[in-house]
Amino acid sequence: MNETYLKHDQQLHDEVEVQLAQATTLVPAEELLHELRVYKVELEAQNEKLRQAHVALEKSRDSYINLYEFAPIGYLTISSDGFVTEANLKAATMLGIESKKLIQRRFARLLADQDKDRWHRQFLGMKRAAEGAEQDFDLTLVRDDGSKLRAHLNCLRMNGLDESQMLRIGLVDITQLADLRIAATAFESKEGIFVTDVDNIILRVNQAFTEITSYSAEEVIGKKPQLFSSGKHDAVFYATMWDSINNTGTWQGEIWNRRKSGEVYPEHLTITAVKNKAGSITNYVASLADITMSKAAADEIQNLAFYDPLTQLPNRRLLLDRLKQALVSREHNRHTGALLFLDLDHFKTLNDTLGHDVGDLLLQQVAARLIACVREGDTVARLGGDEFVLLLQDLSEQYIEAAAQTDAIANKILAALNQPYLLGIHEYHGTSSIGATLFSDHEQEVEELLKHADIAMYQAKTAGRNALRFFDPQMQDAINTRVDLERELRKAIEQQQFQLYYQIQVDSLGHPLGAEALIRWLHPKRGLVSPSQFIPLAEETGLILPIGQWVLETACAQLKLWQQDTLTRNLTLSVNVCAKQFRQADFVTQVQETVQRHAINPMRLKLELTESLLLEHVEETIATMNALKEIGIRFSLDDFGTGYSSLQYLKRLPLYQLKIDQSFVRDIAVDSSDQAIVRTIIAMAQTLSLNVIAEGVETEEQRQLLLNNGCNTYQGYLFGRPVSIVPFEAMLKPLSQYLAFAHKNRTDCF
Ligand code: C2E
Ligand code: MG
Ligand code: MG
C-alpha cells in the first residue's frame with residue numbers, strides 16, 4: 001500500500017514538470033512559476049494527509065488483527081460450503097490444531113459424531129437466513145488428539161456476497177461450566193448436603209437438607225453444625241470423628257441429630273474435607289441420609305434376633321448376653337445377682353387339652369405377670385416352651401440377705417402366677433416351679449449358672465411343684481429357717497407369745513426415772529428369743545405393725561398401773577418405734593387412742609426413734625413428731641452417734657432426749673476418741689437444751705466418766721438388766737439405795 005502512495009506522488013511530480021515546461025511558452029514564466037509552487041505546496045500537504053491516513057489505517061488494521069487474533073473468544077469464519085476460512089489463535093488453541101491446518105477444514109469434521117446432524121440443520125438454517133441473523137447453541141467438538149470440549153457457539157450470518165465468509169462463529173469453551181452444571185444437579189440430590197468453610201461455618205445447603213432437617217438455608221447459613229446436635233453423643237465421639245476427618249480426609253457413620261422441631265433422628269453422615277492445590281483444607285462437605293426408616297427396619301431385625309416373638313421377652317441369646325455382662329460387672333460391683341429358672345406346672349396338659357392357641361395366651365399372660373414382679377433393671381427372658389428365666393441384679397452384698405430378697409421376689413412370682421387366668425373363654429388355674437441360684441463372682445460360667453438354676457427348678461418340681469428351691473443347700477437351709485421364723489412369728493402374734501421386759505433408767509443419784517420397754521419372744525420350743533433375731537424380719541414382713549401395737553398397748557397398760565402407786569407414779573416408759581410403724585398414716589391417732597384408752601399421763605410415755613428414721617422424709621417426720629408432742633408425748637433419739645444427723649437438722653426436731661449409743665459408752669474408759677465423741681454429744685445436747693442419757697453403762701468407771709462430763713441419766717447392766725415386770729418392780733427400791741452409796745464415794749477421773 002505504501003508503494004501505491006509513493007507512485008502516486010511521483011506521478012504528481014511528473015505532471016507538474018510537464019505543465020512547467022508548457023507554461024514557459026504560454027504564460028509569463030514568473031507567474032506560472034508562482035502558481036506551480038503554490039500547487040506543489042498544496043500537493044505536498046495533501047500528500048502528508050494521505051500519509052497520515054495511511055498510518056492510521058495501518059494502526060487500526062494492526063489493532064483489528066490483535067483483537068481478532070488474540071481475542072479471548074475463539075473465532076472461526078465458515079464459507080458457504082462449510083469450510084473454515086479464517087480462525088483466530090484462541091480457536092486454534094481451543095481445538096488443539098494449528099491455525100494453518102484449521103483453515104480449509106470442513107467444520108463438521110471438528111464435531112463429535114452425535115452433534116453432526118444438528119450442525120447440518122443449523123448450518124442450512126443460517127445459510128438461508130438474512131445478513132446479521134444470529135444463533136446460539138452448544139456442541140461438542142473433538143480435538144485432533146481425540147479429547148473433547150463442550151463449546152457454546154454464537155453464529156453470525158455475514159454479508160452474502162462473499163461466499164468464503166458466510167458465517168462468523170464465536171466459540172466459548174463451556175466444558176467447566178457443564179461440569180459445574182452437573183455438580184449443581186448432583187448437589188440437589190436426594191441426600192441432604194451442607195458445605196462449610198474450614199472454620200465449620202455453613203456456607204450452603206441443598207433442598208434435601210431442608211426437607212430432612214426442616215431448617216431453611218437462611219436459618220443455617222453462617223451457623224455451625226452444632227445446631228443439629230442431639231446431645232446423645234459425648235465429646236469422645238466427636239473427637240474421634242474429627243480425628244478421622246483430619247487424618248484420612250473423611251468420616252462416615254451413624255449419628256443422632258436433631259431436627260428443627262426438636263425431634264432426634266438417626267442419620268448416616270459422610271463428611272469429606274476439600275483441599276486446595278497446596279493441600280490445605282478449604283471446606284468440608286457433609287452429606288446426610290435420614291435413616292429413621294432403615295433404623296426401624298434394623299430394630300425390627302434386632303427384635304427378631306433377640307426377642308421372643310410371642311411374648312416380646314428377651315430370648316435365650318439376649319439372656320446369655322445380659323448374664324455375661326452381669327458377671328463381668330461383678331468385678332467392680334459387689335452386689336449379688338440371682339438367676340431364677342421358672343417352669344410352668346402341667347403346661348403340656350393345657351396345650352394338649354385346650355390347644356396351642358390357648359397355651360400361647362397363657363404364655364403371654366405369664367410374661368406380663370413376671371415383668372410386673374421385677375424391677376426395671378432385671379431381665380425376664382423366655383427360653384422357649386414354658387421355660388422362663390429371670391435375671392435379678394443389684395441384690396444385697398450380703399449373701400443371706402440377697403437370698404432373702406430372691407426368696408421374696410420368687411414368692412411374689414409364685415403368688416402372681418397362682419392367680420386365675422382368663423384364656424379366651426377358659427378360666428385357668430396354674431402353678432409354677434422356680435429354681436434359683438445366686439452369683440457374686442465374675443468368674444462363674446454362664447452355662448453353669450443356668451444349669452444350677454435348672455437343677456434347682458427340678459428339685460422344686462420334685463418337692464411337689466408350686467415351689468421355690470435354691471441350688472445351694474446351705475442357702476436353702478438359711479431360707480428355710482427364715483421361712484419357718486416368719487411362719488412362727490405370725491403364730492406368735494396370734495398366740496400372744498411376747499412379753500415386755502423393763503430395763504431401768506436412773507439419774508445421777510441412782511433414783512429410778514423409769515425404764516425402757518424391750519420386747520422378748522417366749523418361743524414354745526426355742527425359749528427366749530432376743531429382739532435382734534426377729535425384729536428385722538418383722539420389719540421386712542410388716543409383722544412389726546401388730547407387734548408394735550401390742551408393745552404400745554402393754555406399755556400403756558403398765559404405765560396405768562404405775563400411776564396408781566406412789567413408788568412408781570413418776571416413772572416414764574420408753575417404747576422403741578421403728579420406721580415402718582412411725583410412717584403409718586394413722587400412727588398419731590393410734591398412739592393418741594391408746595394413751596386415752598388407758599387414761600395415762602402422756603408425759604410418762606417416751607418414744608425412742610432412731611437417727612436413720614429421722615433422716616428420711618424430714619418434713620413429714622417433723623409433722624408427725626409435732627402432732628404427738630402436742631398431746632404431750634416425748635421423744636428420745638436412740639443409738640445417737642451412729643447416724644449422720646447434723647446440729648442444724650437436730651435443731652428442727654421436737655426432741656426431748658438424746659440417747660448416747662452403747663458402742664461409745666463401752667470403751668469410754670480406754671478409747672480417747674470415744675471419750676471425745678461422748679463429750680461432743682453431751683455438749684450438743686446442752687446446746688440444744690436436750691436431756692441426755694447414756695445406754696449400755698456397765699461399770700462404775702463408765703458412769704463416773706459420763707457424770708463428770710455432764711451426763712446425769714443412765715441405763716445399763718450396772719443398774720439392771722432388762723427383766724420382766726415382777727423382778728423389775730422388786731429391784732426399784734434396793735437400787736436407789738446402792739446408788740446413793742456410790743454417789744457418796746465417787747471419784748473424779750474424767
Ligand atoms: P435398743 O433400743 O438400743 O435397746 C438397747 C439394747 O441394749 C437392748 O437390747 C438392751 O438389752 C441392751 N442393753 C442394755 N443395757 C446394756 C448393757 O449394759 N450392755 C449391753 N451389752 N447391752 C445392753 P435388746 O433388748 O436385745 O434389744 C435390741 C434392740 O431391739 C433394741 O435396741 C431395739 O432397737 C430393738 N427392740 C427391742 N424391743 C423393741 C420393741 O418393742 N420394738 C421395736 N421396734 N424394737 C425393739
Ligand atoms: Mg431403744
Ligand atoms: Mg439403743
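At 6% relative accessibility, Glu695 counts as buried, where buried means under 20% relative accessible area, exposed over 50% and partly exposed in between, with a 1.4 Å probe and protein chains only. The structure is a predicted model, in which local features need pLDDT of at least 70 and side-chain atom pairs count only at pLDDT 80 or more, whereas totals for chains, interfaces and linings use all residues. Residues are numbered from 1 along each chain as its sequence is written, chains are lettered from A and ligands numbered from 1 in the order in which they are written, and side-chain values use heavy atoms, with hydrogens and water left out.

Glu695 takes part in the coordination of the magnesium ion (ligand 3), whose donors are Asp638 (OD), Asp639 (OD), Glu695 (OE) and Glu695 (OE), at 2.1 to 2.5 Å; donors are N, O and S atoms within 2.8 Å of the metal (3.2 Å for Na, K and Ca), and sites may look incomplete, since water is not among the atoms. Along the sequence, the donor residues of this ion follow the spacing D-D-x55-E. Distant parts of the chain are thereby linked, with Asp639 in strand S23 (residues 634-640) and Glu695, 56 residues apart from it, in the loop between strand S25 (691-694) and helix H26 (700-708); helices (H or I, at least four residues) and strands (E, at least two) are DSSP runs, numbered from the N terminus. Asp639 has a relative accessibility of 26% and counts as partly exposed.

The magnesium ion (ligand 2) has as its protein donors Glu516 (OE), Asn576 (OD1), Glu608 (OE) and Asp638 (OD), which lie 2.0 to 2.2 Å from the ion. Their spacing in sequence is E-x59-N-x31-E-x29-D. Here too distant parts of the chain are linked, as Glu516 belongs to strand S19 (residues 512-523) and Asn576 to strand S21 (residues 572-576), the two residues being 60 residues apart. Glu516 is buried at a relative accessible area of 3%, whereas Asn576, at 28% relative accessibility, is partly exposed. The two magnesium ions, ligand 2 and ligand 3, lie 4.0 Å apart and are bridged by Asp638.

Helix packing was examined for two pairs. The axes of helix H20 (residues 587-597) and helix H22 (residues 618-631) come within 10 Å and cross at roughly 15°, the axes being lines fitted to C-alpha atoms, for helices over the stretch in contact, with angles that run from 0 to 180 degrees between N-to-C directions. H20 and H22 are therefore roughly parallel to each other, given that angles under 35 degrees count as roughly parallel, over 145 as roughly antiparallel, 65 to 115 as roughly perpendicular and the rest as oblique. The crossing of H20 past H22 is right-handed, the term for a near helix turned clockwise from the far one by less than a right angle, with left-handed used if it is turned anticlockwise. Phe587, Val588, Val591 and Gln592 of H20 make the contact with Thr624, Ala627, Leu628 and Ile631 of H22, contact meaning heavy atoms within 4.5 Å. By class, six of these residues are nonpolar, two are polar and none is charged; Ala, Val, Leu, Ile, Met, Phe, Trp, Tyr, Cys and Pro count as nonpolar, Asp, Glu, Lys and Arg as charged, and the others, Gly among them, as polar.

Two further residues of helix H20 were considered. Gln590, which has its place in H20, is buried with a relative accessible area of 17% and touches Gln549 and Gln584, residues up to four places away in sequence not being counted. Glu593, also in helix H20, is partly exposed at 47% relative accessibility; the C-alpha atoms of Glu593 and Gln549 are separated by 11 Å, with the two residues 44 residues apart along the chain.

In the second pair, the axes of helix H13 (residues 356-373) and helix H14 (residues 399-418) come within 10 Å and cross at roughly 145°, and H13 passes H14 in a right-handed crossing. Val366, Arg369, Leu370 and Cys373 of H13 meet Ile409, Lys412, Ile413, Ala416 and Leu417 of H14, a contact with seven nonpolar, no polar and two charged residues.

Most residues other than glycine have a negative phi. His346, in contrast, has a positive phi near 55°; His346 is placed in the loop between strand S11 (336-344) and helix H12 (347-354) and is partly exposed, with a relative accessible area of 47%. Asn466 likewise has a positive phi, near 45°, lies in the loop between helix H15 (446-462) and strand S17 (468-470), and counts as partly exposed at 33% relative accessibility.
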